[in-house]
Amino acid sequence: MPPLGRCGGLSPVGPTRVLTVPGRRTGEPRSTPVTPITVDGARYVIAALPNADWARNIRAAGHGELAQGRRRVAYTIREVADLDVCRSVLRAFPVQARGGVPFYVRLGLVDGPDPDQFAAVADKVAVFELIDPRRPA
């Protein structure tokens, strides 16, 4: 049997980071792996399951911390309501996070890595913008 490696046998989906937000009931830190997508200079994360606990925690807290290794950056996080922006972000997903495509296929949202198929499901997922409070608007 081959060694599991640093991913514990899981296939990486791209530039994976860990997003930590306060739990909506307990306030305790809750972490989940995410793959940030950059579109027009802004960073986004996508919840393919918009009612997942981590997405609901983001909505309640409005802020969180994105980590890669020891590097951590605090963000204000807001859900994107503009469907055109959501489509742009989803269109970028199969290009920037190719390894995440099979998850969307298993969920039945898309058939493959076609950016247009991803854009077409923008109303079925949740897109959150990561706003760095250290950067001017």
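1. A good place to start is Tyr104. Leaving aside residues up to four places away in sequence, Tyr104 is in contact with Ile46, Ala48, Leu90, Phe93, Leu109, Val110, Phe118 and Val125. Please keep in mind as you read on that this is a predicted model.

2. Tyr104 also belongs to the largest nonpolar core, which holds 22 residues. Along with Ile37, Ile46, Leu90 and Val127, Tyr104 is among the residues that touch the most other members of that core. Which elements give two or more residues to this core? They are strand S3 (37-39), strand S4 (42-47), H2 and H3. The top contributor is H2, with five residues.

3. You may also like to look at a second core, separate from the one above and made of 15 residues. Its members include Val34, Ile58, Ile77 and Leu130.

4. Now for the aromatic residues. How many aromatic pairs does a search of the whole structure find? The search finds five. One of them joins Trp54 and Phe128, with 6.3 Å from centre to centre and 55° between the planes, a tilted arrangement. Trp54 sits in helix H1 (residues 53-61) and Phe128 in strand S7 (residues 126-131), so this pair ties together parts of the chain that are 74 residues apart in sequence.

5. Are the two partners buried or exposed? Phe128 has a relative accessibility of 0% and counts as buried. Trp54 comes out at 19%; because the cut-off for buried is under 20%, Trp54 counts as buried too.

6. Phe93 and Tyr104 make another pair: their ring centres are 4.9 Å apart and their planes meet at 50°, so this pair is tilted. Here the link runs from helix H2 (residues 83-96), home of Phe93, to helix H3 (residues 101-106), home of Tyr104, with the two residues 11 apart in sequence. Both Phe93 and Tyr104 are buried. Together with Phe103 and Phe118, Phe93 and Tyr104 form one aromatic cluster.

7. Last, have a look at the hairpin of S1 and S2. Strand S1 (residues 17-22) and strand S2 (residues 29-34) run antiparallel and are joined by six bridges. One of the pairings matches Pro22 with Pro29 in S2. Between the strands there are six residues, and in this hairpin Gly27 takes a positive phi near 80°.

Technical notes
Residues numbered from 1 in each chain as written. Predicted model: local features only at pLDDT ≥ 70, side-chain atom pairs only at ≥ 80, totals over all residues. Heavy atoms only, no water. Phe/Tyr/Trp six-rings, centres within 6.5 Å; stacked < 30°, edge-to-face > 60°. Helix = DSSP H or I, 4+ residues; strand = E, 2+ residues; numbered from the N terminus. Buried < 20%, exposed > 50% of the residue type's maximum accessible area, 1.4 Å probe, protein only. Core = buried A, V, L, I, M, F, W, Y, C linked by side-chain atoms within 4.5 Å. Contact = heavy atoms within 4.5 Å. Pairing = 2+ DSSP bridges.
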